[in-house]
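Have the structure open and ready to turn as you read. We'll go from the parts of one chain to its core, then on to its partner.

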Amino acid sequence: MALASTETTATTIDFGPAAALSCRECGARYELGPSFACIECFGPLEIAYDFGAVSREQISAGPTNIWRYRSLLPVPADVADKPNMAPGWTKLVRADRLARELGIRSLHVKDDSGNPTHSFKDRVVAIAVEAARNFGFHTLSCSSTGNLAGAVTAAAARAGLDACVFIPADLEQAKIVMASVYGGKLVGIEGSYDEVNRFCSELIGDPLGDRWGFVNVNLRPYYAEGSKTLAYEIAEQLGWRLPDQIVIPVASGSQLTKIDKGFGELIKLGLVEEKPYRIFGAQAAGCSPVSTAYRAGRDVIQPVKPDTIAKSLAIGNPADGPYVLDIARRTGGAVEDVTDEEIVDAIRLLARTEGIFAETAGGVTVGVLRKLVAEGRLDPDAETVVLNTGDGLKTLDAVAGHARPTAVIRPSLDAFRAAVAG
Amino acid sequence: MSVSVRIPTILRTYTGGAADVSGDGATLREVLQKLDADYPGIGARILDENGKLRRFVNVYVGDEDVRFADGLDTATPPGTQISVIPAVAGGQ
């Protein structure tokens, strides 16, 4: 059922410090609106800001969620007062046991499985919901590899918006259940994520999708900014310092691009000391268009057809891939990939050393971290952060064959001695 | 016999608001040339100054991304549905 906000909104558009949309390719500027591609060159639009004075004290006094950074985001000052999922401020876990196992000195895991729907997607969706409100949209939608669909339907439920989300029909069952339980419509598309994405892009131009906010398409400039909060939190949780090295998963490449943007803003605003940092991108070998281009020294991405257990990273035609290449090369990082076997192994490694059960995307980042250390491409003495962006409970099938009961016995001491303790 | 071209919202200023227009040509390159003749200026929005597909535009002939086929030389038999879509979408 559509809300009162379907009729032209009486409220004025308020995006806080956001000043305009700006084309990342050619620099053309546009008024803030539900636009996502440059009319001149098709380049992606992103938010340009006029930041006021922002201090560490002001941020620290804010709520323990992403809204503590509201003066750095395209949201109004009162954003925290409206019904929302209040995501973020997830744990930055000091990972000494994993560091020792890998042979590095200082390691933290930014564990974003602690978000309300158990993935980093709650961050980006929270910003998109505010944009949808601003534009008077009645339905929240997305193309999703699973995590996003759940984040959108949950946030829509809380905000009182309709939801209609699209996923590849063959997703993990946990992600399908999670995306369905919050109500709204969940539509499985017979095809890959890239085909779902294409479908949504066409739906936007059709009357069927009128007044719909597709969080990762026509609201994408706003939505994507939510990933900057990962950068802000990591820096604040390290004591207002940037890490030396960070390993980030790459699907479309948006998250990595925005974390770099976030670090850059903190430096520019004087909230952290300027220092070099190296950004590493992590892909699954079964969907590695960006790492392949990186290795080949190319700056153009050749799309691939994904085949990997890391379904949340299975985007064969990554829109922000070229920017990931630019950033990895500019910062002295790299883009690397690991096989499905290495992903499963890394999930188990993180679980048994740090008690963190990551979804396959977390297996990808930890696996790539391990590979980079082993190959001497990551400085073992530098302060390192690795991202886990989702919860292992959503991708149980990936590890089910490896994680079983040690034994099943009768309730007797003899049986236990014989099976386990003996 | 012609082909059908789906126009993205941001290029509909060239087609008088039309979402679908008919085109003609044996390859995608020819279809885009004809499209530009019919709707002057639209070609330069899809192709860059070197005549290549712009980095952030996806073109589908039928269900196939032309980057998986023969690019601008992809055959466009009569009745083909061609879609031009901004590449800006996606997840993590």
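In this predicted model, the domain assignment splits chain A into domain 1 (4–82 + 121–223) and domain 2 (95–118 + 227–400). Each domain is written as two stretches of sequence, so take a moment to colour them before going on. Taken over C-alpha atoms, the centres of domain 1 and domain 2 of chain A are 23 Å apart.

How do these two parts of chain A meet? On one side, 26 residues of domain 1 of chain A make contact with 27 residues of domain 2 of chain A. On the domain 1 side, at least two residues each come from α1 (56–60), α3 (121–135), α4 (147–159), α5 (173–181) and α6 of chain A. Sort that side by residue type and you get 14 nonpolar, five polar and seven charged residues.

Now look inside. The largest nonpolar core has 152 residues, and the members touching the most others are A:A128, A:V152, A:A155, A:V165, A:I248 and A:F280. Why does this core lie between the two domains of chain A? Both domain 1 and domain 2 of chain A give residues to the core, so it lies between them. Try clicking on A:A128: setting aside neighbours within four places in sequence, A:A128 contacts A:G213, A:V215, A:L219, A:Y222 and A:Y223.

Another good spot to visit is helix α10 of chain A, residues 289–296. Here A:P289, A:V290, A:S291, A:A293 and A:Y294 are buried. What do they pack against? The buried residues of α10(A) sit against β11 (278–284), α11 (321–331) and β12 (334–338) of chain A. Some background helps when you look along a helix: an α-helix has 3.6 residues a turn, so residues three or four places apart point the same way. Just after α10(A) comes A:G297, with a positive phi of about 75°.

Zoom out to see chain A as a whole, with its 15 helices and 13 strands. Its radius of gyration is 21 Å, close to the 22 Å that the globule rule gives for 422 residues, so chain A is as compact as a globular protein of that length. Along its principal axes, the C-alpha trace of chain A spans about 75 × 50 × 45 Å. Of the 422 residues of chain A, 57% count as buried. Among contacts in chain A with a separation of 6 or more, 69% are between residues 24 or more positions apart. There's also a label from a record: an unreviewed UniProt entry places the feature "domain: Tryptophan synthase beta chain-like PALP" at residues 86–390 of chain A. Over residues 86–390, chain A is 45% helix and 17% strand, and the end C-alpha atoms are 17 Å apart.

Time to meet chain B. It has two helices and five strands, and from the N terminus on they run β-β-α-α-β-β-β. A compact globule of 92 residues would have a radius of gyration near 12 Å, and chain B agrees, with 12 Å. Its C-alpha trace spans about 40 × 30 × 25 Å along the principal axes, and 40% of the residues of chain B are buried.

Finally, see where the chains touch: 39 residues of chain A and 23 residues of chain B take part. On the chain A side, α6 (193–204) and α9 (254–268) each supply at least two residues, and α6(A) gives the most, with six. That side of chain A divides into 20 nonpolar, 15 polar and four charged residues.

Note on methods
Residues are numbered from 1 along each chain as its sequence is written. Chains are lettered from A and ligands numbered from 1 in the order in which they are written. This is a predicted model: local features need pLDDT of at least 70, side-chain atom pairs count only at pLDDT 80 or more; totals for chains, interfaces and linings use all residues. A nonpolar core is a set of buried Ala, Val, Leu, Ile, Met, Phe, Trp, Tyr and Cys residues joined through C-beta atoms within 7 Å. A residue is buried if 20 or more other C-beta atoms lie within 10 Å of its own, exposed if 12 or fewer, and partly exposed in between; C-beta atoms are placed from the backbone. Two residues are in contact if their C-beta atoms, placed from the backbone, lie within 7 Å. Helices (H or I, at least four residues) and strands (E, at least two) are DSSP runs, numbered from the N terminus. The radius of gyration is taken over C-alpha atoms; the globule rule is 2.2 Å times the number of residues to the power 0.38. Ala, Val, Leu, Ile, Met, Phe, Trp, Tyr, Cys and Pro count as nonpolar, Asp, Glu, Lys and Arg as charged, and the others, Gly among them, as polar. UniProt positions are given in the numbering used here, feature names are shortened, and annotations may be inferred rather than shown by experiment.
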